[in-house]
Amino acid sequence: MSLEEARLLANVQHRAHHLFTLGYRAVWLDDHLLEVASPQGGTYEIDTLACSCSCPFFVKHAGKFSCKHVLGY
C-alpha cells in the first residue's frame, strides 16, 4: 500500500466514524439493503451481504477499498 492510499483510507475511516453525527441517516429497505441519505440530499444504497455501496467512491475503488458508508454501517 502506498502512502497516498494509506492517507486516503485514514481519511475515509475518520469520516466513517463521524458519519451519523454529521447528519447522515439510514433506513432499512429490506433484510440486507440500507439506504443512506447525506445531509446534502444524496442517497446511496448499501448491500450489507455484499458489503457494497452505490456511492461514487465505492464504485471507483470497488474491490480494493470500502467507502465511509459501508465502514460507518
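Which residues are exposed on the other side of H1? In this predicted model, they are Leu3, Glu4, Arg7 and His17. The legends below begin with that helix.

**Figure 1. Helix H1 and its buried face.** Helix H1 comprises 15 residues, from 3 to 17. At 1.5 Å a residue the helix should span 21 Å, and its end C-alpha atoms are 21 Å apart, so expectation and model agree. Glu5, Val12 and Ala16 are the buried residues shown in H1. Viewed down the helix axis, the buried residues fall within an arc of 40 degrees and therefore line one face. An α-helix has 3.6 residues a turn, so residues three or four places apart point the same way. The cover over the buried residues of H1 includes H3 and helix H2 (56-61). Leu3, Glu4, Arg7 and His17, by contrast, are exposed on the other side of H1.

**Figure 2. The open four-stranded sheet.** The strand order is S1-S2-S3-S4, with antiparallel pairing. S1 and strand S4 (52-53) occupy the edges with a single partner strand each, so one side of each has no neighbour in the sheet. Strands of a sheet pair through backbone hydrogen bonds, either parallel or antiparallel. Two bridges join strand S3 (residues 43-47) to S4 in the antiparallel sense, and Ile46 stands opposite Cys53 in S4.

**Figure 3. The two hairpins around strand S2.** S1 pairs with strand S2 (residues 33-37) in the antiparallel sense over four bridges, and Val27 has Glu35 in S2 as its bridge partner. Four residues lie between S1 and S2 in this hairpin. S2 and S3 are likewise antiparallel, paired over five bridges; here Leu33 has Asp47 in S3 as its bridge partner. The hairpin of S2 and S3 has five residues between the strands, and Gly41 in the turn adopts a positive phi of about 105 degrees.

**Figure 4. Alternation along S2 and the largest nonpolar core.** Side chains alternate along S2: Leu34 and Val36 point to one face and are buried, whereas Leu33, Glu35 and Ala37 point to the other and are not. Leu34 and Val36 both belong to the largest nonpolar core, which has ten residues in all. The other members of this core are Leu19, Tyr24, Ile46, Cys53, Cys55, Phe58, Cys67 and Val70. In soluble globular proteins, nonpolar side chains tend to be buried together. Beyond its neighbours within four places in sequence, Cys67 is in contact with Val12, Cys53, Cys55, Phe57 and Phe58. Of these contacts of Cys67, Val12 is one of the buried residues of H1.

**Figure 5. The aromatic pair of Trp28 and Tyr73.** One aromatic pair is found in a search of the whole structure. The ring centres of Trp28 and Tyr73 are 6.0 Å apart and the ring planes stand at 85 degrees, so the pair is edge-to-face. Planes over 60 degrees apart count as edge-to-face. Trp28 lies in strand S1 (residues 25-28) and Tyr73 in the segment after helix H3 (68-72), so the pair ties together parts 45 residues apart in sequence. Trp28 is partly exposed, its relative accessible area being 46%.

Definitions and conventions:
Residues numbered from 1 in each chain as written. Predicted model: local features only at pLDDT ≥ 70, side-chain atom pairs only at ≥ 80, totals over all residues. Heavy atoms only, no water. Phe/Tyr/Trp six-rings, centres within 6.5 Å; stacked < 30°, edge-to-face > 60°. Buried < 20%, exposed > 50% of the residue type's maximum accessible area, 1.4 Å probe, protein only. Core = buried A, V, L, I, M, F, W, Y, C linked by side-chain atoms within 4.5 Å. Contact = heavy atoms within 4.5 Å. Expected span 1.5 Å × (residues − 1). Arc of directions from axis to C-beta. Pairing = 2+ DSSP bridges.
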